Structures are given as structure tokens and as C-alpha cells.
Amino acid sequence: MRNAELFEIARRYMPGGVSSPVRAFKAVGGSPIVIERAKGSRIWDVEGNEYIDFLCSWGPLILGHAHPSVVEAVCEQATKGLSYGLTNLHEITLSQKVAQLVPSIEKVRFVSSGTEATMSAIRLARAYTKRKYIVKFDGCYHGHYDSLLVSGGSGVATFGIPGTEGVPEKMAELTIVLPYNSTQAVKEAFEKYGQDIACVIVEPVAGNMGVVIPDYEFLKALSEETRKYGALLIYDEVITGFRLSLGGAQEVFGIKPDITCLGKILGGGMPLGAYGGRQDIMSMIAPEGPVYQAGTLSGNPLSMVAGIKTLEELEKSNPYHSLENLTRKLTEGIGEILREKGIPHRINAVASMFTVFFTDGDVTDFQTAKKSDTQMFGRFFRALLDQGILIPPSQFEAWFLSTAHAQEDIDIALEKINKAVSSL
Ligand code: PMP
């Protein structure tokens with residue numbers, strides 16, 4: 001069956017035909033593709049069309065699709081049981097590994113998604129500080145938990161308004177929303193509400209308004225202000241963890257948050273999230289402490305072995321330098337193509353993640369990201385898809401490279417992108 005026919009059936013039985021909204025291609029138009037299989041840097045739809053994949057499942061697949069040693073580990077584990085509901089050997093191995101690799105983590109709790117990680121981290125921060133307000137930044141996404149799915153009003157520091165139906169205003173009002181990269185807004189918010197702020201949660205490099213790079217001063221101010229007022233600093237490293245380096249953004253910037261949220265690469269493509277931090281904070285969690293959080297499938301052995309293998313491969317090959325070089329070749333090539341065609345653009349890139357914005361102004365926060373021509377992005381996305389290049393179906397997301405992407409993939413991709421852009 002063809003993509004469109006199958007998607008019609010999908011629409012009948014799942015809202016929007018999807019299990020997660022952005023997969024419906026609403027932001028870019030056109031019919032979504034339905035995936036059959038993937039290997040390395042390539043992914044195939046049900047019609048047999050092959051794509052070079054720069055979506056990479058939204059970030060987890062730093063080793064590419066179906067990496068042999070990850071697949072082998074998962075298959076072997078599957079024969080020994082899919083879930084035990086009791087502590088297993090692999091949890092112990094992965095928790096040790098995470099504590100060794102991530103500078104701020106002494107103890108870690110495994111959950112099943114990034115959303116669960118951030119949600120639980122917020123509960124923990126509120127319990128630890130005995131305070132109610134949380135601070136987040138406009139354009140950062142931390143999963144779909146009520147308190148975090150809020151947007152800012154107009155103005156510098158605003159109490160959140162529900163980002164979706166179904167979140168009570170009273171809940172959203174406990175979230176203070178500030179512009180990303182605004183050190184001044186952070187200082188003002190702490191001057192005004194500092195005694196009641198439990199925590200600041202931030203993507204240390206933003207990926208969910210497209211890639212936006214933090215000013216070092218901004219990150220430093222978050223660290224200083226939270227410490228000064230006795231609030232906790234939560235780094236949401238669901239994307240950046242093991243993506244920027246083995247120790248994540250906190251290692252790159254040399255700043256230790258109080259709590260770190262992980263996901264994506266940690267599970268190597270299996271469902272997995274985690275939150276971790278200092279011993280005294282983490283010991284607040286049940287059964288050691290009074291903060292309840294639990295999960296039937298938490299610490300699932302399949303996710304554990306996929307995570308362990310992924311991290312082992314990264315430790316063994318330390319691919320970060322070559323991934324960054326390859327990414328630079330791709331972004332420079334795209335920049336050249338767009339410049340030649342006279343298309344205004346900005347490309348924000350860090351390590352092996354980047355976003356192409358269609359604007360002639362620098363993108364430093366959500367306001368400037370929103371200046372990007374999203375109509376143009378939609379045409380760009382569809383032209384790329386027609387050429388066999390898969391990128392995230394939204395302007396406000398990151399492209400990812402994996403160790404399965406070779407120079408040849410980049411050469412072919414640039415050729416195809418050139419053709420696609422010529423057809424716009
Ligand atoms: N935090 C960040 C920074 C994310 O990018 C995401 C998902 N894209 C989440 C949290 C939520 O993770 P999940 O989708 O696994 O719930």
C-alpha cells in the first residue's frame with residue numbers, strides 16, 4: 001500500500017494518524033510518509049523510497065539506525081526476558097556509567113521518557129526547596145507535563161499561560177516564563193520572586209525552537225542566581241546529553257547543574273529517560289526520601305542494554321570531533337547553496353545538531369526564531385523530501401547527524417539539496 005492510503009487508515013484509528021503530533025506534517029503540509037525500515041544513515045517508507053535521514057528519530061540515534069552491536073545486545077537480552085519489575089544487573093551498570101560520565105550526577109533514577117524525567121525533576125526541586133514557582137524559558141520544550149507546557153505572555157517576565165487546553169490556569173501560573181539568553185530577565189525575576197522560586201529549568205543549548213546557542217554569561221547567571229537564592233538549577237539535557245560530548249553540555253560549558261534530565265541517546269533508540277544529581281538531592285526520592293515517583297517498566301532491561309551499548313560505542317570511538325567536522329561540511333554546503341540562490345538564512349549549529357532558519361537576522365531566542373519564514377521552510381522540507389532527504393518536519397527543530405553518516409552521504413545530500421533549492 002502507498003503512504004497516503006495507509007495514512008488514511010492511521011487517521012481513522014489514531015488522532016491525526018500519529019502517536020506524537022509533529023509527525024502529522026501539519027507544519028510543512030503534504031502527506032506524511034509511513035516508515036517501513038531503517039539502517040545506518042538511511043530510512044525507507046512503505047513505497048520503498050529511500051531517504052538520507054537527518055531526523056534520526058529526533059535525536060536518540062547518534063550511532064545511526066540499527067547499529068549492529070546495539071541490535072545484538074537488545075536481541076540477546078530479549079531472549080532472557082523483556083521486563084522483570086525488579087532491579088536488574090544492567091540498571092546497575094548503566095547507573096554507574098551515567099554517574100562516571102555526567103559531571104553533576106552522583107545518583108540517577110531511570111524513567112521511560114524525557115517527559116517523565118523533567119516532570120519528576122520539577123517535583124523533586126519543589127520538595128527539596130519547599131517552594132512553588134518554577135522558571136522556564138520561552139521556546140524551550142521539556143516534554144508535555146502540565147507545569148512545563150506553558151508559554152509566555154508578552155513582556156519580559158510573565159506568569160505562564162497554558163500552552164494547551166486541559167492545563168488549569170492555576171497550574172500554569174506557577175511557572176514564570178522568561179526570554180532565552182536574557183541575563184537581565186533572570187536577574188529581575190529573582191529579585192522579585194527569588195524567595196519562592198524552586199528551580200530554573202533550561203535546555204543548556206536549545207533544540208526545540210530550532211537550535212539556539214546560549215551566551216555563556218546567560219548560563220553563568222542561571223548558576224549564580226539559583227545558588228544565591230537557594231533555588232535549584234535543572235539542565236534538561238534530553239537532547240544535549242551525550243550529543244555535545246560524553247558529559248553533555250555541562251561538560252562543554254564547565255557548569256554543574258543541581259539536577260540533570262536525560263533521555264534520547266541514553267536509551268539508544270529504546271524508551272528511556274533519567275534524572276540525576278547530587279546525593280543529598282537525589283536521596284529525597286522514595287524509598288530513601290519523601291518524594292514519590294515510580295514506574296512498572298522503569299529500568300527496563302532492553303532499554304538498559306541499548307543504552308549501555310550506545311554509551312560504550314561512544315566511549316570507544318569518541319566520535320565527537322569527526323561528527324562536528326562532518327556537520328560543518330554539511331552546514332557550510334547548505335549555506336553556500338542558499339547564498340548562491342539569494343535566500344536569506346541563518347544556520348545555528350553545535351556539535352552534530354543544527355537548524356537552518358530562513359531569516360536575515362541572528363537567531364538568539366524564540367522571538368528571533370519566529371522571524372523565520374515558515375512558508376519557505378515548508379517548501380524547502382517538501383522539496384528535500386521529494387529528493388530523498390528527510391529532515392524534521394518543523395522549522396523549530398534540530399537536524400541530527402550520526403556516526404553512520406559518511407562523507408559520501410554529505411556529498412549526495414548537498415547535491416540533492418542543491419537540486420531541491422533550485423526547484424523552490
Ligand atoms: N526535553 C527536551 C529538551 C526534549 O527535546 C524532549 C523531547 N523532544 C523532551 C524533554 C521530552 O522527551 P520525551 O519526548 O521523551 O518525553
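Colleague: Helix 6 and helix 7, how are they oriented to each other?
Modeller: Roughly parallel, a label for angles under 35 degrees. Their axes come within 9 Å and cross at roughly 10°. Axes here are lines fitted to C-alpha atoms, for helices over the stretch in contact, with angles from 0 to 180 degrees between N-to-C directions.

Colleague: Which residues make the contact?
Modeller: On helix 6, Thr183, Val186, Lys187 and Phe190; on helix 7, Glu217, Phe218, Ala221, Leu222, Glu225 and Tyr229. Contact requires C-beta atoms, placed from the backbone, within 7 Å.

Colleague: What kind of model is this, and how is it numbered?
Modeller: It's a predicted model: local features need pLDDT of at least 70, side-chain atom pairs count only at pLDDT 80 or more, and totals for chains, interfaces and linings use all residues. Residues are numbered from 1 along each chain as its sequence is written.

Colleague: OK, switching to the sheet. What's the strand order?
Modeller: 4-13-12-11-10-5-9-7, an open sheet of eight strands with mixed pairing. Pairing takes at least two DSSP bridges between two strands. Helices (H or I, at least four residues) and strands (E, at least two) are DSSP runs, numbered from the N terminus.

Colleague: Which strands stand at the edges?
Modeller: Strand 4 (107-111) and strand 7 (158-159); each has a single partner strand, so one side of each is left without a neighbour in the sheet.

Colleague: And how many bridges join strand 5 to strand 9?
Modeller: Five, and the two strands run parallel. Ile134 stands opposite Thr175 in strand 9.

Colleague: What does helix 4 touch on the sheet?
Modeller: Helix 4 (residues 114-129) touches strands 4, 5, 10, 11, 12 and 13, and its direction makes about 165° with that of strand 12.

Colleague: Strand 12 has Cys261. Buried or exposed?
Modeller: Buried, because Cys261 has 31 C-beta neighbours inside 10 Å. The cut-offs are 20 or more other C-beta atoms within 10 Å for buried, 12 or fewer for exposed, and partly exposed in between, with C-beta atoms placed from the backbone.

Colleague: What does Cys261 touch?
Modeller: Leaving out residues up to four places away in sequence, its contacts include Gly114, Ala117, Ile234 and Tyr275. Cys261 and Gly114 are 147 residues apart in sequence, yet 7.2 Å apart in space, C-alpha to C-alpha.

Colleague: Last one, what about the chain as a whole?
Modeller: There are 14 helices and 17 strands. Buried residues make up 49% of the 424 residues. The C-alpha trace spans about 55 × 55 × 45 Å along its principal axes.

Key: Angles under 35 degrees count as roughly parallel, over 145 as roughly antiparallel, 65 to 115 as roughly perpendicular and the rest as oblique. Two residues are in contact if their C-beta atoms, placed from the backbone, lie within 7 Å.
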